Amino acid sequence: VPRSAYREDVRRLRERGAQVVEVLPRDEYEWLHIEGAINLPLKELDAESVRRLDPTRAVITYCNDFQ
Amino acid sequence: VYDYEGGKMDWLAFGQPSAGTAAAEPTLGDLVQREAPRCSPTDRLADLSGRMAEGWTLCAVVNEVGILLGRIRRRHLDEKPEARAEEVMENGPATYRPSTPAAELLERMKSKGFEAAFVTDSDGRLWGLVSRADLERALGEARP
């Protein structure tokens, strides 16, 4: 179960090497995203796409706002 | 796995680092003048004249944690120099986020006819003031 994170948590986790994942569609990601984030659109999420992530590092997912 | 509750809008609203095609466009966070004058609600207007030197037309009234409460106009200083800021301030001025594109606010300034605006984060904490002249300069639309 994902744990809630707030802005300060995200800043701290990024500094420690966490992977940041935007789950919005590709065009929204390309428009603007958190620096260093990768894009794994929710609708395309499958075992193959998840393999892009390093299982040894924390993962932070986000979408547009409080959804 | 963590879920960032505020998401992208929260991150951008607080001026955090971003990338993408829109990241190259100037935003208010790039242009805001953070040294803009500010005062507390209990300050006397007569004491603000030094802070409003050098052409500032507005002074932000903020509480003890920097949240914007209202604004003082330069003319208030002459009209009621002995008043406290909280007695004459205009409450709840319109504010814009650091992530707002400069072009978007400039268009609004042109259509609504105002020359300066406060920039705050989503919690209402003051970043500073941005002027129409700053936006026009940044966007290459400087008036003669």
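What follows looks at how chains A and B come together in this predicted model, starting with a sheet they share.

The sheet is an open one of 5 strands, paired in parallel and ordered 1(A)-1(B)-5(A)-2(A)-4(A). Strand 1 (3-5) and strand 4 (38-39) of chain A sit at the edges with a single partner strand each, so one side of each has no neighbour in the sheet. Helix 1 (residues 7-15) of chain A packs on the sheet, touching strand 1, strand 2 (19-22) and strand 5 of its own chain along with strand 1 of chain B. The direction of this helix makes about 125° with that of strand 1 of chain B. As for the link between the chains, strand 5 (residues 59-62) of chain A and strand 1 (residues 2-4) of chain B run parallel and are joined by 2 bridges. A:Ile60 has B:Tyr2 as its bridge partner there.

Now for the interface as a whole. Some 21 residues of chain B are in contact with 30 residues of chain A, and the two chains bury about 2600 Å² between them, 59% of it on carbon and sulfur atoms. B:Tyr2, B:Glu5 and B:Lys8 supply 32% of the area that chain B buries against chain A, more than any other three residues.

On the polar side, 21 residue pairs are in polar contact across the interface, and 2 salt bridges turn up as well. A:Arg7 and B:Asp10 meet through their side chains in a salt bridge, at 2.9 Å from N to O. Strand 1, helix 1 (7-13) and strand 2 of chain B each supply at least two residues of the side that touches chain A; the largest share, 6 residues, comes from helix 1 of chain B.

Notes
Residues numbered from 1 in each chain as written. Chains lettered and ligands numbered in written order. Predicted model: local features only at pLDDT ≥ 70, side-chain atom pairs only at ≥ 80, totals over all residues. Heavy atoms only, no water. Pairing = 2+ DSSP bridges. Helix = DSSP H or I, 4+ residues; strand = E, 2+ residues; numbered from the N terminus. Contact = heavy atoms within 4.5 Å. Axes fitted to C-alpha atoms, helices over the stretch in contact; angles between N-to-C directions. Buried area = accessible area lost by both parts, 1.4 Å probe. Salt bridge = Lys/Arg side-chain N within 4 Å of Asp/Glu carboxyl O. Polar contact = N/O pair within 3.5 Å; in protein donor to acceptor, adjacent residues only side chain to side chain.
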